[in-house]
Amino acid sequence: MPEPRLPFDPVERAGSLWSEHFGDPTAMRLATSIMRVQQLLLAELDAALRPYDITFARYEVLVLLTFSRDGYLPLSKIGARLMVHPTSVTNAIDRLEAQGLVRREPDPDDRRRTRARITAEGRTLVTEATKALTAIDFAVTGLTGSEQDQAFDLLRRLRASAGDFPEHPSPFTAG
C-alpha cells in the first residue's frame with residue numbers, strides 16, 4: 001500500500017465544507033472524485049511508462065494507430081477520438097516522430113490533411129509499454145475485476161448522457 005498523499009480525504013473534506021456553504025454535496029463529491037482519480041491514475045500510468053520515454057497521452061496515440069486498420073490516421077481523427085485539442089495532437093506527434101515511433105505523411109485522399117503512421121519501432125514500443133501497464137493493472141488496483149466492470153458501466157452511462165457516443169448498444173460490448 002503506497003504512502004497516503006494527504007493525512008485526510010480531501011474530497012470528503014470538500015463535501016463537508018460544501019454542505020455548510022452550498023447544500024447537498026453528492027454530485028460535487030462524485031465529479032471531484034472522478035477528476036482526482038483521473039489525476040492519480042495518470043500519475044501512476046505515466047510513471048510506468050517513464051522507462052519508455054513516453055507519457056500516457058502519447059501511448060494512447062500509439063495504441064490508436066496500432067488499432068487502426070492500416071496503421072495510420074489523419075491527425076484530426078486522432079484528436080477527435082482522444083478528445084484532445086489539435087495543438088495537443090501536433091505536440092504528441094512531434095514528440096513521437098522525433099523518437100522514430102511515428103512518421104507524418106500527406107493524406108493521398110486529401111492534400112490538406114496530414115496523417116500519422118506508426119513505425120515498426122512504435123509497434124515494438126507499444127507491445128513493451130502495454131506489458132508494463134498490464135503489470136500494474138492499469139493502476140486500478142483498488143477494485144476487484146467485478147468492481148472494475150461495475151465502475152466501467154456506471155462511467156459509461158455518464159459518458160453516454162454527456163453525448164460522448166450514441167446510447168444504443170454498441171457492437172463492441174459483450175452481452
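**Notes on the helix patch and the sheet**

1. Let's start with one residue: Ile34 sits in helix H2. Keep in mind as you look around that this is a predicted model.

2. Is Ile34 buried, exposed or partly exposed? Its relative accessibility is 30%, so Ile34 counts as partly exposed. That follows because the partly exposed class lies between the buried cut-off, under 20%, and the exposed one, over 50%.

3. Ile34 also has company. Together with Leu30, Met35, Leu155 and Leu158, Ile34 makes a nonpolar surface patch of about 430 Å². Two helices each give two or more residues to this patch: H2, spanning 26-49, and H7, spanning 145-161. Which of them gives the largest share? That would be H2, with three residues.

4. Now for the sheet. Three strands form an open sheet in the order S1-S3-S2, and their pairing is antiparallel. At the edges you'll find S1 (72-74) and S2 (102-106), each of which pairs on one side only. Going from one strand to the next, the twist averages 30°.

5. Take a look at how S2 meets S3 (residues 114-118). These two strands run antiparallel, and five bridges join them. If you'd like a pair to find on screen, try Arg104, which stands opposite Ala116 in S3.

6. One helix to check against the sheet is H4 (residues 75-82). Helix H4 packs on the sheet and touches S1, S2 and S3. Compare directions, and you'll get about 85° between H4 and S1.

Technical notes:
Residues are numbered from 1 along each chain as its sequence is written. This is a predicted model: local features need pLDDT of at least 70, side-chain atom pairs count only at pLDDT 80 or more; totals for chains, interfaces and linings use all residues. Side-chain values use heavy atoms; hydrogens and water are left out. Two strands pair if DSSP finds at least two bridges between them. Helices (H or I, at least four residues) and strands (E, at least two) are DSSP runs, numbered from the N terminus. Axes are lines fitted to C-alpha atoms, for helices over the stretch in contact, and angles run from 0 to 180 degrees between N-to-C directions. Contact means heavy atoms within 4.5 Å. Patches are made of residues with over 30% relative accessible area and no salt bridge: like charges are joined within 9 Å, nonpolar side chains (Val, Leu, Ile, Met, Phe, Trp, Tyr) within 5 Å. Accessible areas come from the Shrake-Rupley method with a 1.4 Å probe; for residues, only the protein chains shown count as cover. A salt bridge is a side-chain nitrogen of Lys or Arg within 4 Å of a carboxyl oxygen of Asp or Glu. Buried means under 20% relative accessible area, exposed over 50%, partly exposed in between (1.4 Å probe, protein chains only).
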